[in-house]
Amino acid sequence: MFEDINKVLLITDMDGTFLNSKKIPSEENLKAVERFQKAGGKFTIATGRALQAVKLYFEYFNCNFPMVMFNGGMVYDFERDVSLYDSFVPDFTRNIVLDILNKFPKLGCEILVRSNIKIVQYNDMEEYHTRICKSNPDIVSLDEVHEPWYKVLFADTEENIDEVQRYVEEKNFSGVDFVRSDKFFYEILPTGNSKGTAVSKLREICNLSDYTIVCVGDYDNDIEMIEYADVGVCPSNAVESVKRAADIVLKQSNDENAIAAVIDFIFSKIKNGGKFDGR
């Protein structure tokens, strides 16, 4: 499975996985990624973030393979600045958003489109999210968002997001999927769309049938990707649902250089003949 490092693709979630609690990649993780890439490995990210919020991080590291954006809504080739795959929520999602915002008038809400993040309802958690993502969103009305929507993100306290999630489950909205991407965030995605479906598209588009794909993540929006991967990994800070889905649960958290530990694992398998028998 790990016979040739030139045929290994490492895909990591950002928040809670590659980034530490300060929302930056550790020096140890960065050195490990550089070592992995110099040896021939392919490294990229799979994130719920918008393009603008990811590009800021390229002062720290580079991806040498196309990325998964918007929790699976896009496969993006940064070097050529082209989208290789796109998936958008249907037009009637606007009505679902209106329903939820009418029920929860203080709920933060942002819509992610290609050009920028569009905040249509602002609150303290949206201010926090904007700050940690170092983004410069447009604050607009819902009627002013005309581009296709990759996803919708609701933001509030954990208690309030729990209440929103219960309301959504009671309403049983059809035609879209909902996923918890953090204790503060709840998202609307296209039906059947996930980081996992996007990684499968990446494998197909880039002809990776003979590659070993290693995926790392920590939250519910990473589960399909971890299950799809040839080797699914999570850091020790992952939620229990992700730990159950992963082949490997690391001893290290995102604050303890989890990605460096994954890369050390890959190198150890290369050195010892490449076999991996699961947990």
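Colleague: Quick one to start: which residue in β9 is the bridge partner of Cys109?

Modeller: Phe154 is the β9 residue bridged to Cys109. Keep in mind that this is a predicted model.

Colleague: And how do β6 and β9 pair, and over how many bridges?

Modeller: They're antiparallel, with five bridges between β9 and strand β6, residues 108-112.

Colleague: What about β9 and β11, which sense is that pairing?

Modeller: Antiparallel, over four bridges, with β11 covering residues 185-190. Within that pairing, Val152 has Ile188 of β11 as its bridge partner.

Colleague: Is β9 largely enclosed or left open, and why?

Modeller: Largely enclosed by the rest of the structure, because five of the five residues in β9 (residues 151-155) are buried.

Colleague: Which way do the side chains point there?

Modeller: Lys151, Leu153 and Ala155 point one way from β9, while Val152 and Phe154 point the other way. Both sets are buried, the lysine included. That fits the usual pattern: in a regular strand, side chains alternate between the two faces of the sheet.

Colleague: Back to Cys109. Buried or exposed?

Modeller: Buried, since Cys109 has 0% relative accessibility.

Colleague: How many disulfides does the structure hold?

Modeller: Zero. Cys109 is in no disulfide, and the nearest cysteine sulfur, in Cys133, is 15 Å away.

Colleague: Then why is there no bond from Cys63 to its closest cysteine sulfur?

Modeller: Distance. The closest cysteine sulfur to that of Cys63 belongs to Cys206, and at 13 Å it is too far for a bond. Cys63 also counts as buried, with 14% relative accessibility.

Colleague: Changing topic: how much space lies in the largest pocket?

Modeller: About 640 Å³. Of the 33 residues lining the largest pocket, Asp15, Lys23, Ser181, Asp182 and Phe185 are the closest to its centre.

Colleague: Which elements give two or more residues to that lining?

Modeller: β6, α4 (124-132), β9, β10 (176-182) and β11. The largest share comes from α4, with three residues.

Colleague: How do the lining residues divide into nonpolar, polar and charged?

Modeller: For the largest pocket, the lining has 12 nonpolar, 11 polar and 10 charged residues.

Colleague: Let's do the sheets. What is the strand order in the open sheet with β4?

Modeller: β3-β4-β5, three strands with antiparallel pairing. β3 (67-69) and β5 (82-86) are at the edges with a single partner strand each, so each has one side without a neighbour in the sheet. On average, neighbouring strands of this sheet are turned by 30° against each other, direction ignored.

Colleague: How many bridges join β4 to β5?

Modeller: Four, and β4 (residues 74-77) runs antiparallel to β5. One pair to look at is Asp77, which stands opposite Val82 in β5.

Colleague: And what's the order in the open sheet of five strands?

Modeller: β2-β1-β12-β13-β14, with parallel pairing. Its edge strands are β2 (42-45) and β14 (248-249), each of which pairs on one side only.

Colleague: How many bridges between β13 and β14?

Modeller: Two, joining β14 in parallel to β13, which spans residues 231-234. Cys234 has Val249 as its bridge partner in β14.

Colleague: Now backbone angles. What is phi of Asn71?

Modeller: Near 55°, a positive value in a residue other than glycine. Most residues other than glycine have a negative phi. Asn71 lies in the loop between β3 and β4.

Colleague: Where is Asn172, then?

Modeller: In the loop between α5 (158-171) and β10. Phi of Asn172 is near 55°, again a positive value.

Colleague: Which is each of the two asparagines, buried or exposed?

Modeller: Asn71 is buried, with a relative accessible area of 1%. Asn172 is exposed, with 61%.

Colleague: Last thing: where is Lys7 found?

Modeller: In the segment before β1 (8-12). Lys7 counts as partly exposed, at 30% relative accessibility.

Colleague: What separates the C-alpha atoms of Lys7 and Arg80?

Modeller: The separation is 22 Å, and Lys7 and Arg80 are 73 residues apart along the chain.

Note on methods: Residues are numbered from 1 along each chain as its sequence is written. This is a predicted model: local features need pLDDT of at least 70, side-chain atom pairs count only at pLDDT 80 or more; totals for chains, interfaces and linings use all residues. Side-chain values use heavy atoms; hydrogens and water are left out. Buried means under 20% relative accessible area, exposed over 50%, partly exposed in between (1.4 Å probe, protein chains only). Two strands pair if DSSP finds at least two bridges between them. Axes are lines fitted to C-alpha atoms, for helices over the stretch in contact, and angles run from 0 to 180 degrees between N-to-C directions. A disulfide is a pair of cysteine sulfur atoms within 2.5 Å. On a 1 Å grid over the protein atoms alone, a cavity is a set of points where a 1.4 Å probe fits but cannot get out, and a pocket is an open set with protein on both sides within 12 Å along at least five of seven lines; lining residues have an atom within 4 Å of a point. Grid points are joined across faces, edges and corners, and a volume is the space filled by probe spheres set on the points. Ala, Val, Leu, Ile, Met, Phe, Trp, Tyr, Cys and Pro count as nonpolar, Asp, Glu, Lys and Arg as charged, and the others, Gly among them, as polar.
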